[in-house]
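Hello,

Here is the structure for you to look through. My notes follow below.

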Amino acid sequence: MKLIMAVVQDQDSNKLSNALIEKRIRATKLASTGGFLKAGNTTFMIGIEDERVQEALDVIKNNCQSREQIAPPVSPMGGNVDAYVPYPVEVPVGGATVFVLPIEQFHQF
Ligand code: 2BA
């Protein structure tokens with residue numbers, strides 16, 4: 001069994017939830033915050049049998065899209081003023097950042 005942790009954009013969260021339900025893939029949604037943009041995103045925790053991992057990855061891939069997002073200006077406080085960018089810049093945000101981890105034990109009590 002594996003644990004899939006997928007960080008996705010909030011805009012894709014409902015679409016992905018519905019697609020997982022349709023495929024009978026169980027998931028838990030966690031509200032999360034991107035360390036760089038400091039904006040809300042959603043982390044899906046999916047416990048799944050080894051032979052269905054690829055199916056779950058395909059569902060994630062097909063329901064999450066990349067977008068450009070505006071990163072706020074970085075403060076020069078305590079840093080190098082030459083590196084200060086006083087205007088917002090666009091950064092690409094991936095459709096999904098996915099980690100696949102082995103599960104040592106799985107219990108439901
Ligand atoms: P954020 O940390 O808010 O990052 C949003 C996007 O900003 C990133 O998109 C990347 O394009 C850019 N970015 C991040 N750190 C940067 C930096 N130090 N300098 C310049 N640009 C930077 P993605 O790479 O697609 O990541 C989307 C979200 O997935 C991230 O939101 C974060 O919540 C999560 N994530 C990405 N890589 C991760 C990792 N290695 N571990 C844990 N979470 C990760």
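A polar side-chain atom of T97 sits 3.3 Å from an oxygen atom of the ligand. That is a polar contact (a pair of N or O atoms within 3.5 Å). Two backbone contacts go with it. A polar backbone atom of P92 is 2.5 Å from a ligand oxygen. For G94, a backbone N or O atom lies 2.6 Å from a ligand oxygen. On its own, the ligand has 760 Å² of accessible area (Shrake-Rupley method, 1.4 Å probe). The protein covers 52% of that area.

Please note that this is a predicted model: local features need pLDDT of at least 70, side-chain atom pairs count only at pLDDT 80 or more, and totals for chains, interfaces and linings use all residues. Residues are numbered from 1 along each chain as its sequence is written, and side-chain values use heavy atoms, with hydrogens and water left out.

Now the shell around the ligand (residues with a heavy atom within 4 Å of it). Its residues include V7, F36, N41 and F99. Strand 5 (89-93) and strand 6 (96-102) each give two or more residues. Strand 5 has the largest share, with three. By class, the shell has seven nonpolar, five polar and no charged residues. Nonpolar here means Ala, Val, Leu, Ile, Met, Phe, Trp, Tyr, Cys and Pro; charged means Asp, Glu, Lys and Arg; the others, Gly among them, are polar.

Last, the fold. The protein chain has two helices and six strands, in the order β-α-β-β-α-β-β-β. These are DSSP runs, numbered from the N terminus (helices H or I, at least four residues; strands E, at least two).

Best wishes

How values were computed
A polar contact is a pair of N or O atoms within 3.5 Å; within protein, one must be able to donate a hydrogen and the other to accept it, and residues adjacent in sequence count only if both atoms are side-chain atoms.
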